[in-house]
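User: Hi! I would like to learn how to read a protein model feature by feature. Could you walk me through one?

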Amino acid sequence: MKDYLATVVKNERIAENIYEITFQTEEDVPVRAGQFGDISVGGTHLLRRPIAICKAEGNLVTYCYQIKGEGTQKLKTVRAGEQLNVLMPLGNGFFVEEKEQKVALVGGGVGVFPLISVLRAYGKEKEISAYIGYRNKDAVCGVDEFEKATKFVGVTDDGSWGEKMNSVQAFAKDLQAGNRPDVVLACGPTPMLRALKRLVEEEKLACYVSLEERMGCGIGACLVCVCNLTNGARARVCKDGPVFNVNDVAL
Ligand SMILES: Cc1cc2nc3c(=O)[nH]c(=O)nc-3n(C[C@H](O)[C@H](O)[C@H](O)COP(=O)(O)OP(=O)(O)OC[C@H]3O[C@@H](n4cnc5c(N)ncnc54)[C@H](O)[C@@H]3O)c2cc1C
Ligand code: FES
């Protein structure tokens, strides 16, 4: 992990309220799928914003972010050529074991972005099925990446693109049809992860989830990001996570 002074190569809108920003650094950034960066948005924003790394190719690192509040509004105004401090790569990331050949990706909302990094890392060696849910057709993005999966099922909450259902329902439907993975990797809003946890418990499937928590330091020092574990202990999402075995976290 390093605090890079990174040059913005591009920062453009890719869907409603969603932007893609690519940084260039002086040296290659060693990134594992599912890791994130803490981006300093400049100005008076003292806290950085944690965003999942979507693509990393040598010294080019790309993030996709949804405009939410003040920080991401500010990030949207950054132009190519400007420089920002980016602390990366952070967190543990997703790890697919050798014996896990069939992988299911289940993502919703901004949780779809770290799953792109999984597909890019493991797509050539594993059989990957991606179940990806968007709010509506205007929020659809990353399709060119997910189409590289062995199987891609894209759905929307309102049925304006793909079937009307969420990504957990899409996964459950395929499971019933006999497409059973060795491991499930997921990221998305907590209610989605809760529904997924119930399903994988019933089906006795291995599952890892990437959590989102408000963060301060991003490196394990401030404890702003702690989450509850099922054994009663607490863990730091930034350093012990953001990826956890679904059985270990209280959702
Ligand atoms: C590990 C991780 C990966 C993430 N990856 C992505 C991603 O790939 N794309 C994306 O669009 N968003 C992602 N998020 C959520 C993103 O960090 C927040 O949407 C963003 O910080 C909002 O900042 P803001 O100033 O625009 O909003 P505000 O609501 O004004 O933020 C105020 C404060 O709350 C924090 N905050 C607000 N919402 C969240 C949230 N959901 N999670 C964590 N902190 C929050 C902000 O960091 C800031 O400190 C990720 C969060 C985490 C923890
Ligand atoms: S954000 Fe400071 S410990 Fe996780």
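Analyst: Gladly! Let us begin with a definition for sorting residues: Ala, Val, Leu, Ile, Met, Phe, Trp, Tyr, Cys and Pro count as nonpolar, Asp, Glu, Lys and Arg as charged, and the others, Gly among them, as polar. Please keep in mind that this model is predicted.

User: Thanks. How many residues of the shell around ligand 1 are nonpolar, polar and charged?

Analyst: The shell around ligand 1 divides into 11 nonpolar, four polar and six charged residues.

User: Which residues come nearest to ligand 1?

Analyst: Of the 21 residues around ligand 1, the nearest are Ala 52, Gly 69, Gly 71, Thr 72 and Val 110. The elements that contribute two or more residues to this shell are strand S4 (49-57), strand S5 (60-66) and helix H1 (70-76). S4 gives the largest share, four residues.

User: Let us stay with S4, then. How many of its residues are buried?

Analyst: Here a cut-off helps: a residue is buried if 20 or more other C-beta atoms lie within 10 Å of its own. In S4, seven of the nine residues are buried, and the strand is mostly covered.

User: What should I look for when strands pair, and which strands pair with S4?

Analyst: The general idea is that strands of a sheet pair through backbone hydrogen bonds, either parallel or antiparallel. In this model, strand S3 (residues 36-39) pairs with S4 in the antiparallel sense over four bridges, and Gly 37 stands opposite Ile 51 in S4. S4 and S5 are also antiparallel, with four bridges. On that side, Glu 57 stands opposite Leu 60 in S5.

User: How many residues lie between S4 and S5 in their hairpin?

Analyst: Two residues lie between them, and Gly 58 in the turn has a positive phi of about 60°.

User: Now the overall layout. What does the domain assignment give for the protein chain?

Analyst: The assignment gives domain 1 (2-90) and domain 2 (102-210). Their C-alpha centres lie 24 Å apart. To read how two domains meet, look at the contacts on each side: 12 residues of domain 1 are in contact with 13 residues of domain 2. On the side of domain 1 that touches domain 2, strand S1 (2-15), S4 and S5 each supply at least two residues. S4 has the largest share of that side as well, with four residues. By type, the touching side of domain 1 holds eight nonpolar, two polar and two charged residues.

User: Where does Lys 10 lie, and is it buried or exposed?

Analyst: Lys 10 lies in strand S1. Lys 10 is partly exposed, because 13 other C-beta atoms lie within 10 Å, and the partly exposed class falls between 12 or fewer for exposed and 20 or more for buried. Leaving out residues up to four places away in sequence, Lys 10 touches Thr 22 and Ala 80. As a check on distance along the chain versus distance in space, Lys 10 and Val 31 are 21 residues apart, and their C-alpha atoms are separated by 20 Å.

User: How do I read a sheet with many strands, and what is the strand order here?

Analyst: Follow the order from one edge to the other, then check the directions. Seven strands form an open sheet in the order S10-S9-S8-S7-S11-S12-S15, with mixed pairing. Strand S10 (163-164) and strand S15 (243-245) are the edge strands, each pairing on one side only. Within the sheet, strand S7 (residues 102-108) runs parallel to strand S11 (residues 183-187), joined by five bridges. Val 103 has Val 183 as its bridge partner in S11, and Gly 107 stands opposite Cys 187. S11 is also parallel to S12, again with five bridges, and Cys 187 is the bridge partner of Ser 210 in S12.

User: What covers the faces of S11, and which residues are on each side?

Analyst: In a regular strand the side chains alternate between the two faces of the sheet. For S11, Val 183, Leu 185 and Cys 187 are on one side and Val 184 and Ala 186 on the other, and both faces are covered. Five of the five residues of S11 are buried.

User: And why is H2 described as largely enclosed?

Analyst: Eight of the 11 residues of H2 are buried, so this helix is largely enclosed by the rest of the structure. Among the buried residues are Val 112, Phe 113, Pro 114 and Leu 115.

Technical notes
Residues numbered from 1 in each chain as written. Chains lettered and ligands numbered in written order. Predicted model: local features only at pLDDT ≥ 70, side-chain atom pairs only at ≥ 80, totals over all residues. Near = placed C-beta within 6 Å. Domains from an automatic or database assignment. Contact = placed C-beta atoms within 7 Å. Pairing = 2+ DSSP bridges.
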